[in-house]
Amino acid sequence: MIIVMKDDILPESPEVQQVIRMAERYPDVHAEARKIQGATRVLTEVYLLGSTSTIPQEPFEEFPAVEKVIRIRERYRSIGRHAGQAEALGFEYNGVRFSQEDFHIFAGLCAVDTRENVATMFQALQRVGITTTRAGAYKPRTSPYDFQGHGKACLPYVFELAGQYGIKVIAMEVTHESHIVEIREALAAAGHPTGVMLQIGTRNAQNFELLKAVGQQQEFPVLFKRGMGITLDESLNACEYVATSGNNRVIFGLRGMKTNLGDPHRNLVDFGHVPVVRRLTRLPVCIDPSHSVGKKDVAPDGILDIAHVTAQGIIAGANMVLVDFHPRPEQALCDGPQALLLEELEYFIRDAELVRKAYLDRCALRRELGGAGT
Ligand code: PEP
Ligand code: MN
């Protein structure tokens with residue numbers, strides 16, 4: 001059960017303490033107050049955990065400081081969109097807002113290779129006004145003989161260059177909890193010139209200890225990528241580990257499913273799940289067209305498959321696009337064949353913005369004329 005407090009009631013306030021005391025009078029019930037950043041306001045929610053199914057709602061609804069009481073399903077307690085929860089979760093990080101209403105493109109290197117390539121990439125982003133990027137330092141590779149990323153050695157120059165070129169948030173995968181410490185220390189040593197969003201890769205989608213580790217810290221938001229070979233429900237449950245460990249600044253990422261049925265693409269593109277995740281959860285939804293398609297084939301209309309599937313995700317309401325670019329893909333140490341060229345950056349962004357506008361127009365049309373589901 002979730003007790004939503006009225007605006008301006010803080011977790012430490014006497015009103016919240018009163019609700020917690022009342023809840024904990026019931027046997028086997030533990031209550032926790034959390035500050036929730038909604039898409040339009042900050043609010044306090046009190047989570048009742050344990051044997052809550054027989055607790056009546058009315059005594060809580062009678063408190064003047066309580067806005068409403070929501071009886072939640074067992075599933076996706078923290079990330080789920082429960083009946084009565086119209087407001088999506090959202091948050092601001094390093095000056096960038098993330099929610100189901102916002103839209104950002106994280107274009108950049110799959111893996112950091114040289115300082116020069118990082119600088120060239122960031123400079124290209126600055127030229128087109130993009131402040132969000134990706135840069136892998138810790139790479140989970142199928143073969144132990146493949147390039148594993150430069151690890152913490154590259155962090156000082158990646159962060160320094162990010163500051164120099166106005167990058168506000170870098171999506172960076174972590175494969176071990178020690179990487180969170182390394183990133184925290186390197187950011188502090190550099191004087192916090194930028195921010196980092198910790199990425200959980202598809203291979204670690206059910207690494208529950210890692211999920212708890214990124215969930216137990218509050219400093220960095222988390223991009224959770226769905227598992228490539230498990231159901232959406234299993235991935236959502238895994239993502240729940242992050243939020244229920246204490247960090248609800250989470251984005252859910254779709255990146256394709258591993259099956260030969262998606263051939264000739266690298267993975268079966270799963271962006272039809274964008275509206276599903278937006279409905280089942282309150283999280284912003286990211287799409288990764290690069291790891292879904294995995295190659296630079298061009299359709300007869302001259303448009304790359306990567307750009308086509310990006311459009312398919314955005315037209316369905318995606319809030320973030322994670323996409324691989326590289327100044328010299330032939331020299332990339334990881335995923336060169338799917339990297340777009342810097343010459344394609346402006347086109348990619350303009351195309352994505354055009355589709356985002358079309359999505360917003362679709363929403364406006366739906367509000368104006370109604371339609372199925374009204
Ligand atoms: C990546 O984004 O670099 C990556 C390895 O993605 P995924 O975990 O989706 O394969
Ligand atoms: Mn990659």
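**Proline 264 and its loop**

I looked up proline 264 and placed it in the loop between β12 and α8. The model is a predicted one, and I kept that in mind for each entry. I checked the peptide bond between aspartate 263 and proline 264 and found it to be cis, with omega at about 10°.

I then went to histidine 265, which sits in the loop between β12 and α8 (274-280). Is histidine 265 buried or exposed? Its relative accessibility is 18%, so histidine 265 counts as buried, given that the cut-off for buried is under 20%. I looked for a partner of the histidine 265 side chain and noted a polar contact with the side chain of aspartate 305, at 2.8 Å.

**The manganese ion**

I listed the protein donors of the manganese ion, ligand 2: Cys110 through SG, His291 through NE2 and Asp335 through OD. The distances from these donors to the ion run from 1.9 to 2.3 Å. I wrote the spacing of the donor residues along the sequence as C-x180-H-x43-D. Histidine 291 belongs to helix α9 (residues 289-293), and aspartate 335 to the loop between β14 (320-324) and α11 (345-369). The two are 44 residues apart, and I noted that the pair links distant parts of the chain.

I checked the accessibility of both residues. Histidine 291 has 7% relative accessibility and therefore counts as buried. Aspartate 335 is at 18%, so aspartate 335 counts as buried too.

I also read the backbone at aspartate 335, in the loop between β14 and α11. What is the sign of phi at aspartate 335? Phi is positive there, near 60°, and the residue is not a glycine.

**A second positive phi**

I made a separate entry for tyrosine 76, which lies in the loop between β4 (66-70) and β5. Its phi is positive at about 45°, although tyrosine 76 is not a glycine. The relative accessible area of tyrosine 76 is 6%, so I logged the residue as buried.

**Ligand 1**

Which residues stand around ligand 1? I listed Cys110, Arg134, Lys139, Glu173, Gln199, Gly201, Thr202, Arg203, Lys225, Arg255, Asp288 and His291. Two of these names, Cys110 and His291, I had already entered as donors of the manganese ion. I sorted the shell by class and got 1 nonpolar, 4 polar and 7 charged residues.

I then took three distances to oxygen atoms of ligand 1. From lysine 139, a polar side-chain atom lies 2.8 Å from such an oxygen. From threonine 202, the atom is a backbone N or O, at 2.8 Å from an oxygen of the ligand. From arginine 255, a polar side-chain atom lies 2.6 Å from a ligand oxygen. I also looked up the cover: on its own, ligand 1 has 290 Å² of accessible area, and the protein covers 97% of it.

**Aromatic rings**

How many aromatic pairs does the structure hold? I found 5. One of them joins phenylalanine 224 and phenylalanine 252, with 5.6 Å from centre to centre and 35° between the planes, and I recorded this pair as tilted. Phenylalanine 224 is in strand β11 (residues 222-225) and phenylalanine 252 in strand β12 (residues 250-254), so the pair ties together parts that are 28 residues apart in sequence. Phenylalanine 224 is at 0% relative accessibility and counts as buried. Phenylalanine 252 is buried as well, with a relative accessible area of 0%.

I also noted one aromatic cluster, formed by Phe91, Phe98 and Phe106.

**Two further positions**

I located tyrosine 93 in strand β5 (residues 90-93). Tyrosine 93 has a relative accessible area of 10% and is therefore buried. I took the separation of the C-alpha atoms of tyrosine 93 and lysine 212 as 20 Å, the two being 119 residues apart along the chain.

I located glycine 229 in the loop between β11 and α7 (232-244). Is glycine 229 buried or exposed? Glycine 229 is exposed, because its relative accessible area is 67% and the cut-off for exposed is over 50%. I noted 15 Å between the C-alpha atoms of glycine 229 and histidine 273, which are 44 residues apart along the chain.

Terms used
Residues numbered from 1 in each chain as written. Chains lettered and ligands numbered in written order. Predicted model: local features only at pLDDT ≥ 70, side-chain atom pairs only at ≥ 80, totals over all residues. Heavy atoms only, no water. Near = heavy atom within 4 Å. Polar contact = N/O pair within 3.5 Å; in protein donor to acceptor, adjacent residues only side chain to side chain. Areas by Shrake-Rupley, 256 points an atom, 1.4 Å probe, with all protein chains shown as cover. Nonpolar A, V, L, I, M, F, W, Y, C, P; charged D, E, K, R; others polar. Donors = N, O, S within 2.8 Å, 3.2 Å for Na, K, Ca; no water. Helix = DSSP H or I, 4+ residues; strand = E, 2+ residues; numbered from the N terminus. Buried < 20%, exposed > 50% of the residue type's maximum accessible area, 1.4 Å probe, protein only. Phe/Tyr/Trp six-rings, centres within 6.5 Å; stacked < 30°, edge-to-face > 60°.
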